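Here is my note on the model, set out as numbered points. Please read it with the structure open beside the text.

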Amino acid sequence: MLRCHFEVNAEWVEHSFLPVSEPYEVPSVNLANRFRFKAVVLGDQTRVDLINLYVSYQTQRQPMLLQHVKFVAPVAQTHPTPESLTGRVALYSPFLGKELLYSCALHEVQP
C-alpha cells in the first residue's frame with residue numbers, strides 16, 4: 001500500500017493507494033481545490049511493479065501537469081519512514097506560487 005502525506009494551506013491530509021491492474025480507472029485526489037494528485041500503483045497483493053505519481057495544478061479551465069514521477073519495481077518496507085519512497089517534495093503553482101508539500105512511502109501489507 002502506498003501512503004502519502006500532503007500539506008496545502010498549512011493543512012495536513014493523508015491518502016492511501018492500493019495496487020491496481022487498470023491504470024486508467026484510478027481517480028485523482030483533490031487537494032484544497034488547488035492541486036490534484038494521482039498515484040497509479042500497478043501490481044497485485046503480492047508485489048508492486050510500477051508506481052506513477054502525477055501532480056497537477058487546478059486552473060479555472062483544466063488541470064495543468066506540474067510533475068510526473070515513475071518508480072520501477074519499488075521495494076515495500078515493513079516500517080518505512082513517511083518519506084522513504086519520494087523524499088519530501090515541494091511543488092509550487094505557476095500562479096500565485098502556492099505550495100504543495102508531499103511525501104510517500106510504500107508499505108508492505110500482509111495479504
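**Notes on strands, salt bridges and surface**

1. Asp49 is partly exposed, its relative accessible area being 33%. The side chain of Asp49 forms a salt bridge with that of Arg47, with an N to O distance of 2.5 Å. Arg47 itself is exposed, at 54% relative accessible area. Arg47 counts as exposed because its 54% is over the 50% cut-off, whereas the 33% of Asp49 falls between 20% and 50% and so makes that residue partly exposed. The model is predicted, and these values should be read as such.

2. How many salt bridges does a search of the whole structure find? The search returns 3. As general background, side chains of opposite charge can pair when their charged atoms come close.

3. Another salt bridge joins the side chains of Arg3 and Glu14, at 3.4 Å from N to O. This pair links distant parts of the chain: Arg3 belongs to strand E1 (residues 2-8) and Glu14 to strand E2 (residues 11-17), and the two are 11 residues apart. Both ends have some access to the surface: Arg3 is partly exposed at 24% relative accessible area, and Glu14 is partly exposed at 43%.

4. Glu7 and Arg88 also form a salt bridge, their closest N and O atoms being 3.9 Å apart. Which parts of the chain does this pair tie together? Glu7 is in strand E1, while Arg88 is in the loop between strand E6 (63-72) and strand E7 (89-92), so the pair connects parts 81 residues apart in sequence. Arg88 is exposed, with 56% relative accessibility.

5. Is strand E1 largely enclosed or left open by the rest of the structure? It is largely enclosed, because 6 of its 7 residues are buried. E1 pairs with E2 in the antiparallel sense over 7 bridges, and Cys4 stands opposite His15 of E2. E1 also pairs with strand E8 (residues 99-106), again antiparallel and over 7 bridges; in that pairing, Phe6 has Tyr102 of E8 as its bridge partner.

6. The hairpin of E1 and E2 has 2 residues between the strands. Within this hairpin, Asn9 takes a positive phi near 55°. A reader checking backbone geometry may wish to look at Asn9.

7. Strands E3, E4, E5 and E6 make an open sheet of 4 strands, in the order E3-E4-E5-E6, with antiparallel pairing. Strand E3 (29-31) and E6 are the edge strands; each has a single partner, so one side of each lacks a neighbour in the sheet. From one strand to the next, the twist averages 20°.

8. Within this sheet, strand E4 (residues 35-43) and strand E5 (residues 48-58) pair in the antiparallel sense over 9 bridges. One residue to locate here is Arg36, whose bridge partner in E5 is Ser56.

9. Which residues make the nonpolar surface patch of about 390 Å²? They are Met64, Leu66, Phe95 and Leu96. Leu96 sits in the loop between E7 and E8. It is exposed, with a relative accessible area of 73%; the value is over 50%, which is why Leu96 counts as exposed rather than partly exposed.

Notes: Residues numbered from 1 in each chain as written. Predicted model: local features only at pLDDT ≥ 70, side-chain atom pairs only at ≥ 80, totals over all residues. Heavy atoms only, no water. Salt bridge = Lys/Arg side-chain N within 4 Å of Asp/Glu carboxyl O. Buried < 20%, exposed > 50% of the residue type's maximum accessible area, 1.4 Å probe, protein only. Pairing = 2+ DSSP bridges. Axes fitted to C-alpha atoms, helices over the stretch in contact; angles between N-to-C directions. Patch = residues over 30% accessible without salt bridge, like charges linked within 9 Å, V, L, I, M, F, W, Y side chains within 5 Å. Areas by Shrake-Rupley, 256 points an atom, 1.4 Å probe, with all protein chains shown as cover.
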